[in-house]
Amino acid sequence: MSQRISSSTLCVRGPEPRQKPYDAVTTPIVSTATYAFRDTAELRRHFDGLSDREEYGRYGNPTVRAAEQKVAALDGAEEAALFASGMAAVTTTLFELLKGGDHVVMTSDCYRRTRQFVRVFLGRYGVQHTLVEPGDDKALRAALRPGQTKLILSESPTNPYLRVADLSALAAARDACPGANLMIDSTFATPVNQRPLEWGVDLVVHSCTKYHGGHNDLLAGAVLGRAPLISAIRDLRGVLGGTLDAQSAFLLLRGIKTLALRVGQQNASALRIARFLEKHPRVSRVFYPGLESHPDHAIARAQMSGFGAVISFQVRGGLSQASALVDACKLATVAPSLGGVDTLIEQPSLMSYYELTTAEREAIGIYDNLIRLSVGIEDAQDIEADLAQALEHAA
Ligand SMILES: *Cc1c(COP(=O)(O)O)cnc(C)c1O
């Protein structure tokens, strides 16, 4: 088909066959740990690589494969591999790409557990890394060690300040470093708002726990890219064992059907709420890539078709004013995670950075009066009214 199929159509129909087992309209849940062979001859054919069938649950499952094809199609990838969580996708991929002596360049605001994995665990195996500030192209170029740097890793947008990476600039840096792969954690963008592979990125990672699933009822992760690399990562998944189960894959497929619809609504509601917060006298600063005041607004406009559900903002005052606001919310629920149908609110200083002191948090740019909001699909006016009344408690 010459015309690109729109995200909303892909979400519902994807590359699914029209005719499914039992004439079901939906993809069935194939809940089995292992698969039967008719006889030893079929088993031999399978291990001779002459059959295209399932063998054992850790290596593959038809429901999971259907979800992988849909996730791949949404980002325009050749292939996708699904995992039991976003972190299983990240760690398995990094184990596949890196060996002792290799070097990684990553942005300093990557997901906390990803940074921990690179620093502590890969560090144990002799993998070196350099952290660079998001948006600092000069520092990135200076950090590259051609021949040794095997991976450039960034997120876009990032947490909690929604920094947007210039993907073309990152791809150009990767081109200056033969043998290196460029990997983007695109969780905060969703494939509805941003398709990094079209900007020259090699590998895309998603925590499908967030927007793809969209209902805060499953954990899943995905890595997407060219077929040979994804195939190697899938083989390692069979060794490390972070396989997604059929029940979660079914929930994921079900969630994805409404992904474009949900994200469209969340983009619109979040922009409206970001503008409301920016004008509010009790709010000192709002971070949302859709706002003209955001440092990466121009890149975001060029690279994204919407700006997502997550807004960070600072209330006037400190930890207790921010807590008072969070506690006064009646609609927004206090919980980690993002991207789902429910509006969630949290204080990064109490959630991800609780073990640090105020001074230590400020040193890494996490202020005590910072609040992160993930706008759900409730009526935008109701969410705004909830925040308006809660802000009265933040005095
Ligand atoms: C949540 C998240 C992860 C980890 O995903 P899980 O599904 O929780 O394992 C990785 N990267 C980003 C940007 C995330 O938001």
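**Figure 1. Glutamate 79 in strand β1 of the predicted model**. Strand β1 spans residues 79-83, and glutamate 79 belongs to it. The relative accessible area of glutamate 79 is 28%. This residue is therefore partly exposed, as the value falls between the 20% and 50% limits. Beyond four places in sequence, the contacts of glutamate 79 are Ala72, Val223, Leu224, Gly225, Ala227, Ile230 and Arg234. With arginine 234 there is also a polar contact, side chain to side chain, at 3.0 Å. Proline 17 serves as a reference point: 62 residues separate it from glutamate 79 in sequence, and the C-alpha atoms are 17 Å apart.

**Figure 2. The ligand in its pocket**. The pocket that holds the ligand is the largest pocket. Around the ligand are Ser85, Gly86, Met87, Tyr111, Glu155, Asp185, Thr187, Phe188, Ser207, Thr209, Lys210 and Ala220.

**Figure 3. Polar side chains at the ligand: aspartate 185, serine 207 and threonine 209**. A ligand nitrogen lies 2.7 Å from an N or O atom in the side chain of aspartate 185. For serine 207, an N or O atom of the side chain is 2.8 Å from a ligand oxygen. Threonine 209 places a polar side-chain atom 2.6 Å from an oxygen atom of the ligand. On its own, the ligand has 380 Å² of accessible area, and the protein covers 91% of it.

**Figure 4. Serine 154 in strand β4**. Residues 149-155 form strand β4, which includes serine 154. Serine 154 is buried because its relative accessibility, 4%, is under 20%. Its side chain makes a polar contact of 3.5 Å with the side chain of threonine 107. Leaving out neighbours within four places in sequence, serine 154 touches Thr107, Cys110, Ala165, Leu170, Met183, Ile184 and Asp185. Two of these names recur in other views or contacts. Thr107 is the polar partner just described. Asp185 is also among the residues around the ligand.

**Figure 5. Alanine 302 in helix α12**. Helix α12 runs over residues 297-303 and contains alanine 302. The relative accessibility of alanine 302 is 58%. That is over 50%, so alanine 302 counts as exposed. Aspartate 166 is 136 residues away from alanine 302 in sequence. In space, the two C-alpha atoms are 9.4 Å apart.

Technical notes. Residues numbered from 1 in each chain as written. Predicted model: local features only at pLDDT ≥ 70, side-chain atom pairs only at ≥ 80, totals over all residues. Heavy atoms only, no water. Helix = DSSP H or I, 4+ residues; strand = E, 2+ residues; numbered from the N terminus. Buried < 20%, exposed > 50% of the residue type's maximum accessible area, 1.4 Å probe, protein only. Contact = heavy atoms within 4.5 Å. Polar contact = N/O pair within 3.5 Å; in protein donor to acceptor, adjacent residues only side chain to side chain. Near = heavy atom within 4 Å. Areas by Shrake-Rupley, 256 points an atom, 1.4 Å probe, with all protein chains shown as cover. 1 Å grid on protein atoms, 1.4 Å probe; cavity = no way out; pocket = protein on both sides within 12 Å on 5 of 7 lines; lining within 4 Å. Sits in = over half its atoms within 2 Å of the grid points.
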